[in-house]
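Please open the model in your viewer and keep the sequence panel beside it, since the tour moves from one selection to the next.

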Amino acid sequence: MTQFGSQGDLAMKSPVFPGRSLLSATFDRDIMRLSDRGGASGLIGDRWSDVCAERMAAWPGTTVRVLEGREIRVIRIVRLDDVPAIAHTASRHKLQNPDFIVVGSDARGQIIFSVDAKFSIETAGASQVSGESLQSLLEIGPIITESVGEVSDDVTVEDGIFLAPDYSLTHYVMGRRRGYRSLSVNMAQIALLPLTATGLLKPVEGSSLIPLFAGIDQLDMESRQSVLLAQYYFRLVRAGIGCWYDQTGSLLVPKVKPTLDLDQVRQEAEGLAKDAVSGWEVIQRWDSVAESVRSQRDLVNKMTAVPIVNRELREQLEKAALAASVTPPSLNKVRRRIGSWFRDQLIEDFGPIMPPVSNFSDVLQQLGRRARELHPDLERMTAEIISAMLQEMREDNSETTRSGPS
């Protein structure tokens, strides 16, 4: 029987939860790990950014009380997180990339500041919305300034804020000052937005399976209104989806996920749910089933790994970069490009190799034999790939020079 304590969902106790409480289950490392195999954290973060964008769409032309209670007349909102080129450019310059930029004014004149959507407020860092970081971002060139639009010559760049969901876990974290899951930013930098479980998760792929897992735990309808509880069950759903990806994905092309089929996921979950005492037990069973395919995939990865020593590849790369007068790309990028070519040759002969594979030992031996046959071509292709990547770096540097500040 699930019970609410005096603190609401934070105090929910039940044997169906890992650690026997909803709070423990929320921070459970295995749930986090498995659910993120199904993309849970990214989906929740992206959805929260969308919720914040929807709320902020009403700000232009109004006065909002932010930045330690100051009244800011909002001129416009610029969303950055849905422009991949901006994120790429900021990353290349090792700069923070906030989700939004606000252009507004107050009694002192025109101001500009960052806003970052943080569903998990404990991950917030002051530098992410600092005026200094924003100033550096604005200085990288037209790719940012054209998105921001015209501002006055005397605009003041201010420290910004975080938008966090107004629910029990946010308040729990805000009340902590030390240790794991504690808050590291000033409370004045946080603005809370109201949120419902449906408003957060209904549009997100996989949320339709939440009732299946909640039903296994026999929760009443009142308890399902909790954002914290809905988040827990969404993580179970995405953990199941992650296991399904692992079960059904190619052994030879591991980074390409199969097209998600929620009906298949539902059927697999219902089959594993027979005699299960909790939704979490279903996931544990599923993880065990998927692990055998993961082990096969790991063996294929080892068999098809590029047989090049990093030290030798680094020396070859640095020598070629010096001759071309270009800063070399990272060793990992070069190795991934070579590995992609190497694996493509194997895919031509074997296909993607989809599980289940009944004669796996034979297939593994054939892969190893073909991989060894490719070794004589590897030296030539490595030189060609390095040359092509250095040319890309040269062109990229030229483009950066053209788009940078005059």
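Is the crossing of α10 and α12 left-handed or right-handed? Bear in mind that this is a predicted model, and begin by selecting helix α10, residues 227–248, together with helix α12, residues 279–303. Their axes come within 8 Å and cross at roughly 25°; because angles under 35 degrees count as roughly parallel, α10 is described as roughly parallel to α12. Viewed for its handedness, the crossing of the two helices is left-handed.

Next, show the side chains where these helices touch. On the α10 side, select Y232, L236, A239, G240, C243, W244, Y245, D246 and Q247; they meet a set in α12 made up of G279, W280, I283, W286, D287, V289, A290, V293, R294 and R297. Coloured by residue class, this contact of α10 with α12 shows twelve nonpolar, three polar and four charged residues.

Now leave the helices and select strand β8, residues 161–166, which is mostly covered, with five of its six residues buried. Add strand β6, residues 109–117, which runs parallel to β8 and is joined to it by three bridges; to locate this pairing, pick V115, whose bridge partner in β8 is I161. Then add strand β9, residues 190–194, which also pairs with β8 in parallel, here through five bridges, and centre the view on A164, which stands opposite L192 in β9. While the strands are displayed, it may help to recall that in a regular strand the side chains alternate between the two faces of the sheet.

Conventions
Residues numbered from 1 in each chain as written. Predicted model: local features only at pLDDT ≥ 70, side-chain atom pairs only at ≥ 80, totals over all residues. Heavy atoms only, no water. Buried < 20%, exposed > 50% of the residue type's maximum accessible area, 1.4 Å probe, protein only. Helix = DSSP H or I, 4+ residues; strand = E, 2+ residues; numbered from the N terminus. Pairing = 2+ DSSP bridges. Axes fitted to C-alpha atoms, helices over the stretch in contact; angles between N-to-C directions. Parallel < 35°, antiparallel > 145°, perpendicular 65-115°, else oblique. Left-handed = near helix turned anticlockwise from the far one by under 90°. Contact = heavy atoms within 4.5 Å. Nonpolar A, V, L, I, M, F, W, Y, C, P; charged D, E, K, R; others polar.
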